[in-house]
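Welcome, and please open your viewer. We will go from one selection to the next and look at what is there.

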Amino acid sequence: MAISFEKRAPGWVTAWLGFMVLLVIAMIVIGGATRLTNSGLSITEWMPIRGALPPLSEEAWIAEFEKYKQIPEFEAEHPGMDLNGFRFIYFWEWAHRQLGRIIGLAFAIPLLILTISRRIPGGRGLTFFSVLLLIGIQGAIGWWMVHSGLQDGMVAVSQYRLATHLGMAFIILGFLLWLFFESLREWRRETGRGEGWLPPIFLLLVYVQIIAGAFVAGTNSGKTYNSWPLMDGRFIPSGYWFQSPWWRNLFENTAAIQFNHRMLAYALLGLFVALAFTYRRNAMLLTPIIVLALLLCWQIGLGIWTLLAVAPLNLALLHQFSSVLVFISTMWLIYRWKRHGNKIPF
């Protein structure tokens, strides 16, 4: 980046980055509520500027409701809905889009100030501008996702596009967390070696499990096979390979989607035990390891509870929020491992 970095980054940058992390967390949770309340298709147009305001008159509300009645989801999911019910789902989607606008402005304006004053921390200019680019791309992905649910024959958004949207949100969160951690260390340039391979593999598996959760939500797979530890009396459900070609089962077959989500949870727990044992004598990694152990046990237990309760909204949202906490703790572990991961007991 052709930007000078001679000046020291101002002190408010840490608070700003922390605020951005909180905004993205809120965005993920509100996005989950939007999906779980079947609210995501209530706004049938993409109006980046004019759509910042909700309908301001009774006539405007009726006009928006009539647009919603024209899409397949209305008859499939909400055939008896009245105007008040429509207002409820509309505001979930409107809040989701509005928060997206706020995130874009809340990141772009301070970044512009840092750029003009030439105070972007040295060597991080590309990372900052990559985050801005990803936020813009995420807005386009959001509409691409919504557009899939407005097509003939569709009564919900594509689970593939939903997973892409959620996956991008966590990538943005990961970048922001890394910048936040570096700001706490006052942008020092120490480079660590991070010996071993378990921490990055664990992070990758956490991310894959989050994507798998998006497919569970996108196909309502959490409302089927509501028993544990078996699925309809079997370890591997009988309908696992129901569809053809075989790969469609991984993304479209509720039995396979839920089974894979369960197995990934077990794999994560096993990999974490190996990671904790390997780095058990590394004092710098001890705290994030303990936090992760508690969060993983909580998240797995909560997942089982949510499944047995047939995925009610409150538990499903709490489960998604807890996945954010697991991801944040994993990023914290990775950051410390990168700086101090060479102190392993062999």
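Start by selecting tryptophan 241, which counts as exposed because its relative accessibility is 54%. Keep in mind as you look that this is a predicted model. Now add tryptophan 246, also exposed, with a relative accessible area of 54%. How do the two rings sit, stacked or edge-to-face? Their centres are 6.5 Å apart and their planes stand at 65°, so the pair is edge-to-face. The structure has 28 aromatic pairs by the rule used here.

**Helix α2 and its aromatic neighbours**

For a cluster of rings, select Trp61, Phe65, Tyr68, Phe74, Phe86, Tyr90, Phe91 and Trp94, which are linked through ring pairs. Next, show helix α2, residues 58-69. Its twelve residues should span 16 Å at 1.5 Å a residue, and the C-alpha atoms at its ends are 17 Å apart, which agrees. Which residues of α2 are buried? They are Trp61, Glu64, Phe65 and Tyr68. Turn the view to look down the axis of α2: the buried residues fall within an arc of 100°, so they line one face of the helix. Among the parts covering these buried residues are α3 (72-77) and α4 (83-116).

**Following the salt bridges**

A search of the whole structure gives eight salt bridges. Stay with α2 for one of them: select glutamate 58 and arginine 87, whose side chains meet with 2.9 Å from N to O. This pair links distant parts of the chain, since glutamate 58 belongs to helix α2 and arginine 87 to helix α4, 29 residues apart. Glutamate 58 counts as partly exposed because its relative accessibility is 42%.

Now move to arginine 124 and glutamate 182, where another salt bridge has an N to O distance of 2.8 Å. Arginine 124 is in the loop between α4 and α5 (125-149), while glutamate 182 is in helix α6 (residues 159-184), so the pair ties together parts that are 58 residues apart in sequence. Are these two residues buried or exposed? Both arginine 124 and glutamate 182 are buried.

Keep glutamate 182 selected and add arginine 339: these residues also form a salt bridge, with 3.0 Å between the closest N and O atoms. Here glutamate 182 in helix α6 is joined to arginine 339 in helix α11 (residues 313-340), 157 residues apart. Glutamate 182 counts as buried because its relative accessibility is 8%. Arginine 339 is buried too, with a relative accessible area of 13%. For a last stop on this theme, select Glu45, Glu64 and Lys67, which salt bridges with shared partners join into one network.

**Two residues of helix α6**

Return to helix α6 and pick histidine 165. This histidine 165 counts as buried because its relative accessibility is 12%. What does histidine 165 touch, leaving out residues up to four places away in sequence? Its contacts are His96, Gln138, Ile141, Gly142 and Met145.

Next, select leucine 176, which also lies in helix α6. Leucine 176 counts as buried because its relative accessibility is 0%. Not counting residues up to four places away in sequence, leucine 176 touches Leu17, Met20, Val21, Val24, Phe107 and Val131. Try a distance label between the C-alpha atoms of leucine 176 and valine 131: they are separated by 7.6 Å, although the residues are 45 apart along the chain.

**Into the nonpolar cores**

In soluble globular proteins, nonpolar side chains tend to be buried together. In this model, the largest nonpolar core has 68 residues. Select Trp16, Phe107, Phe128, Leu173, Leu176, Phe202 and Phe327, the members that touch the most others. Two or more residues of this core come from each of α1 (12-36), α4, α5, α6, α7 (198-218), α9 (254-278), α10 (283-308) and α11.

Zoom in on phenylalanine 202, which is in contact with Leu268, Leu271, Phe272, Leu275, Leu292, Leu296 and Thr330, leaving aside its neighbours within four places in sequence. Apart from the largest core lies another, of 19 residues, including Leu41, Ile71, Tyr90 and Leu162.

**A last stop at helix α1**

Finally, show α1, which has 25 residues. From its first C-alpha to its last, α1 reaches 36 Å, close to the 36 Å expected at 1.5 Å a residue. After α1 comes asparagine 38, whose phi is positive, near 55°.

Technical notes
Residues are numbered from 1 along each chain as its sequence is written. This is a predicted model: local features need pLDDT of at least 70, side-chain atom pairs count only at pLDDT 80 or more; totals for chains, interfaces and linings use all residues. Side-chain values use heavy atoms; hydrogens and water are left out. Helices (H or I, at least four residues) and strands (E, at least two) are DSSP runs, numbered from the N terminus. The expected span of a helix is 1.5 Å times one less than its number of residues. Buried means under 20% relative accessible area, exposed over 50%, partly exposed in between (1.4 Å probe, protein chains only). The arc is that of the directions from the helix axis to the C-beta atoms. Contact means heavy atoms within 4.5 Å. A salt bridge is a side-chain nitrogen of Lys or Arg within 4 Å of a carboxyl oxygen of Asp or Glu. A nonpolar core is a set of buried Ala, Val, Leu, Ile, Met, Phe, Trp, Tyr and Cys residues joined through side-chain atoms within 4.5 Å. Rings of Phe, Tyr and Trp (its six-membered ring) pair if their centres lie within 6.5 Å; planes under 30 degrees apart count as stacked, over 60 as edge-to-face and the rest as tilted.
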